[in-house]
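Here is a walk through a structure you may not have met before. Take a look at it first, and then we can go through some of its details together.

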There are 2 protein chains.
Amino acid sequence: MGQPNDGLKDITIIDIAQEAGVSYSMVSRVVNNKEHVKPEKRERVLQAMARLGYVANQQARSLAGGRSNVIGLLVRDLTTGYTGEIIRGIDLELTAQQYDLMLYTTHNRKTREMVHVTSIVRGLADGLLIILPTQPESYINTLRQRNYPFVLIDYQGQDTEDLTVVSANQQGAYQAMQYLIEAGHRRIGFITGTLETSAGTERLAGYKVALANYGLPIDPTLIQGGDFLQPSGYQGAQKLLDLEVPPSVIFASNDVQAFGVMEAVRDRGLRIPQDMSIVGFDDIPQATQVHPPLTTIQQPLEDMGRVATRLLIQRLQDPHVSLASVVLSTKLVIRQSSGLFI
Amino acid sequence: MGQPNDGLKDITIIDIAQEAGVSYSMVSRVVNNKEHVKPEKRERVLQAMARLGYVANQQARSLAGGRSNVIGLLVRDLTTGYTGEIIRGIDLELTAQQYDLMLYTTHNRKTREMVHVTSIVRGLADGLLIILPTQPESYINTLRQRNYPFVLIDYQGQDTEDLTVVSANQQGAYQAMQYLIEAGHRRIGFITGTLETSAGTERLAGYKVALANYGLPIDPTLIQGGDFLQPSGYQGAQKLLDLEVPPSVIFASNDVQAFGVMEAVRDRGLRIPQDMSIVGFDDIPQATQVHPPLTTIQQPLEDMGRVATRLLIQRLQDPHVSLASVVLSTKLVIRQSSGLFI
DNA sequence: TATACTTTTGCAAACGCTTGCAAAAAAATG
DNA sequence: CATTTTTTTGCAAGCGTTTGCAAAAGTATA
């Protein structure tokens, strides 16, 4: 803690011990709900705590080998809404379980990720949640080696030992494609996400598999590279619109990217969905707020956060309990940004 | 830290001391950049640290009276975009200064705020940033008493001792009104924010003062109560549209609320801005993404975060330095959601 | 009632660091 | 070169906990 705090002295377990007339280790046992405490003394301690307003000192606690009741969250950035939704779920669950949250942003810089991870591992978090890491391998190895508890959100690594919470990305993309193809679309443009993420590759896979299954050709010119951010949607759409035969629909790898697509389409004076259908992925809150509202694949983002947090806490409470990774299913949400191809 | 970490032992200052052939207090001095260290030894220690990959243990550090290099952020929730922008600024500055961020969400529950504050004060944060608290007085007193360093963001308390960073809310609302009135609007609807916040009351004040200055009447039926959230925009707009003589423009207390207004207006089949102009406040990223793009007052949200963080860190580094609260100016951004009244 | 368990309690060490103070070394002074 | 002054160094105590271990108290058994 900082140096201020002139005045009021902190209440420690020693004060409580004195007040309750027991030894300080008894107080510690009560605080941590350990066994071997006479109910009567437990009561006395509890009362003393209430009377003096005791609040445990987390650093001392974790220094001494206990838990800090803090979990770390490693995240790329906070501004896309996508992250916000997941964090909302994490926060909900964390609050319910009396944990605090330490937030680390990487800004997509590899070195920062590494630095963060070492300091987290040495630091005050009991465990770590990681959202959509781009190249996690480097630091995930550190975590594994040290046997440090972590859960990956929205990333399907290859190591099945890791706990992960993902949504059915490929299946979701497939659903969207199914809908579009059955609505008569034949030339479907696709803008990829970051292909270093599994979310990125799986959505692309869903796109391709659907085309294959319906006997449609995979036209590489219809697939534009992107990175899940709005500008990549704008640029990708530009390129697709410049094709000799532009597609009748653009399927973006996420909603934010789809907003970029909308912008580009409107900049050309085209109408949505009459001239161009647009489909996104994620169903972030803004998807309903844009005009026209965006057809998209709903990912249960908040649930992902909740589930991941619950997994992590379970692991913390019993490191040997066997837990399985979770795949949450997605849902097609049809709004006004897409229509039939006539 | 959690109990795992079988295997690799942590590197402590003692290891470094051994490696560098000095005492461990020397290592501590080097790490903390204290004076009275021979350059040559400093070098030796630095090299040993690099070689062994030393990372300080924050809990031990702060337990021993040093700083934790963590700052706390107390925030209502994360989902409105508004908060996200501010946090982005905070994060930028924090990263630059090598601080970590502990995030506390209150969900607007008073008791939680109080609990958090006591645990923060006893806890691991060196200082605290507080965004837009509804009724901060209760816990702010605790902070003041303990002389705990904090900065209020977007809240203008009455106690001038407190460090605050706000934007010129009243002036901003006035700017918007000026623009609207000069564009020919005479009946201007207003939906308030949470009036327990200074942002809420000041924007309302700007609305009223502008009307007064231009000699226009203040019609209470044109002012609807709200709370900065989207539904309140929707409902407020409904009521304004139900008036015998509806306004020609609705001025919402923030962008999110304005999105609700847009929804309501569109639901009635009215066109924006031909039938109804809409103006928001904040200029969050989505303001450009909605259709039509929203005319709004730009608050330098990211800057607010940055500036507040900088203030806090300065205070931490020198508790006696005299710092002044900051008022950042706002800017009218005219987009397509508003037009002339003909 | 003596003996052997079992539960409850308290002591002390440890966690990794900061820092005041005194000792040692180096530099400056006469 | 001896002495004083200044800089550099190391020791030890302390921060507030947790926890293994041994002592104390309580309970059951013979």
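Let's start with Thr197(B), which sits in the loop between β6 (188–191) and α9 (198–213) of chain B. Is it buried or exposed? Thr197(B) has a relative accessible area of 1%, so it counts as buried. Bear in mind that what you're looking at is a predicted model. If you want a feel for distances, pick Val37(B) as a second point: Thr197(B) and Val37(B) are 160 residues apart in sequence, and their C-alpha atoms are 51 Å apart in space.

**How the two chains relate**

Chain A can be laid on chain B by a rotation of 180° with 0.2 Å of shift along the axis, giving an RMSD of 0.3 Å. The two copies are thus related as by a two-fold rotation axis. As for where they touch, 98% of the interface residues of chain A are also interface residues in chain B, so the copies meet through the same surface.

**A helix with a buried face**

Now find helix α2 of chain B, residues 24–31. Met26(B), Val27(B) and Val30(B) are buried there. Viewed down the axis of α2(B), the buried residues fall within an arc of 100°, so they line one face of the helix. What do they pack against? The buried residues of α2(B) pack against α1 (13–20) and α3 (39–52) of chain B. Just after this helix comes Asn33(B), with a positive phi of about 55°.

**Rings and a charge**

Over all chains, the count of aromatic pairs comes to 4. Take Phe190(A) and Phe251(A): their ring centres are 5.3 Å apart and the planes stand at 85°, so this pair is edge-to-face. It links distant parts of the chain, with Phe190(A) in strand β6 (residues 188–191) and Phe251(A) in strand β8 (residues 249–252) of chain A, 61 residues apart. Both Phe190(A) and Phe251(A) are buried. Add Tyr207(A), and the three residues form one aromatic cluster.

Another ring to look at is Phe281(A), because Arg203(A) lies over its face, 3.8 Å from the ring centre. In chain B, the charged end of Arg203(B) sits over the ring of Phe281(B), 3.8 Å from its centre.

**Salt bridges**

Side chains of opposite charge can pair when their charged atoms come close. Here, a search of the whole structure finds 26 salt bridges over all chains. Three of them are set out below.

| Pair | Closest N to O |
|---|---|
| Glu19(A) and Arg51(A) | 2.2 Å |
| Arg203(A) and Asp282(A) | 3.7 Å |
| Arg88(B) and Glu302(B) | 3.1 Å |

Glu19(A) and Arg51(A) meet in a salt bridge. This pair links helix α1 (residues 13–20) of chain A, home of Glu19(A), to helix α3 (residues 39–52) of chain A, home of Arg51(A), and the two residues are 32 apart. Glu19(A) counts as partly exposed at 37% relative accessibility, while Arg51(A) is exposed, with a relative accessible area of 52%.

You've already met Arg203(A) over a ring, and this residue also forms a salt bridge with Asp282(A). Arg203(A) lies in helix α9 (residues 198–213) and Asp282(A) in the loop between β9 (277–279) and β10 (296–298) of chain A, so the pair ties together parts that are 79 residues apart in sequence. Are the partners buried or exposed? Arg203(A) is buried, with a relative accessible area of 2%, and Asp282(A) counts as buried at 2% relative accessibility.

In chain B, Arg88(B) forms a salt bridge with Glu302(B). That pair links distant parts of the chain: Arg88(B) is in helix α5 (residues 82–96) and Glu302(B) in helix α12 (residues 301–317) of chain B, 214 residues apart. Arg88(B) counts as partly exposed at 31% relative accessibility, and Glu302(B) as partly exposed at 25%. Over in chain A, salt bridges that share partners join Glu85(A), Arg88(A) and Glu302(A) into one network.

**Backbone details**

Which residues does a cis peptide bond join in chain A? It joins Ile272(A) and Pro273(A), with omega about 5°. Pro273(A) lies in the loop between α11 (255–267) and β9 of chain A. In chain B, a cis peptide bond joins Ile272(B) and Pro273(B), where omega is about 5°.

Last, two residues in chain A with positive phi. Asp154(A) has a phi of about 60° although it is not a glycine. Asp154(A) sits in the loop between β4 (150–153) and β5 (163–167) of chain A and counts as buried at 1% relative accessibility. Phe228(A), a residue other than glycine, has a positive phi near 75°. Its place is in the loop between β7 (223–224) and α10 (230–242) of chain A, and Phe228(A) is buried, with a relative accessible area of 6%.

Definitions and conventions. Residues are numbered from 1 along each chain as its sequence is written. Chains are lettered from A and ligands numbered from 1 in the order in which they are written. This is a predicted model: local features need pLDDT of at least 70, side-chain atom pairs count only at pLDDT 80 or more; totals for chains, interfaces and linings use all residues. Side-chain values use heavy atoms; hydrogens and water are left out. Buried means under 20% relative accessible area, exposed over 50%, partly exposed in between (1.4 Å probe, protein chains only). Helices (H or I, at least four residues) and strands (E, at least two) are DSSP runs, numbered from the N terminus. The arc is that of the directions from the helix axis to the C-beta atoms. Contact means heavy atoms within 4.5 Å. Copies are superposed by least squares on the C-alpha atoms of residues with pLDDT of at least 70 in both. Rings of Phe, Tyr and Trp (its six-membered ring) pair if their centres lie within 6.5 Å; planes under 30 degrees apart count as stacked, over 60 as edge-to-face and the rest as tilted. A charge sits over a ring if NZ of Lys or CZ of Arg is within 6 Å of the ring centre and within 35 degrees of the ring normal. A salt bridge is a side-chain nitrogen of Lys or Arg within 4 Å of a carboxyl oxygen of Asp or Glu.
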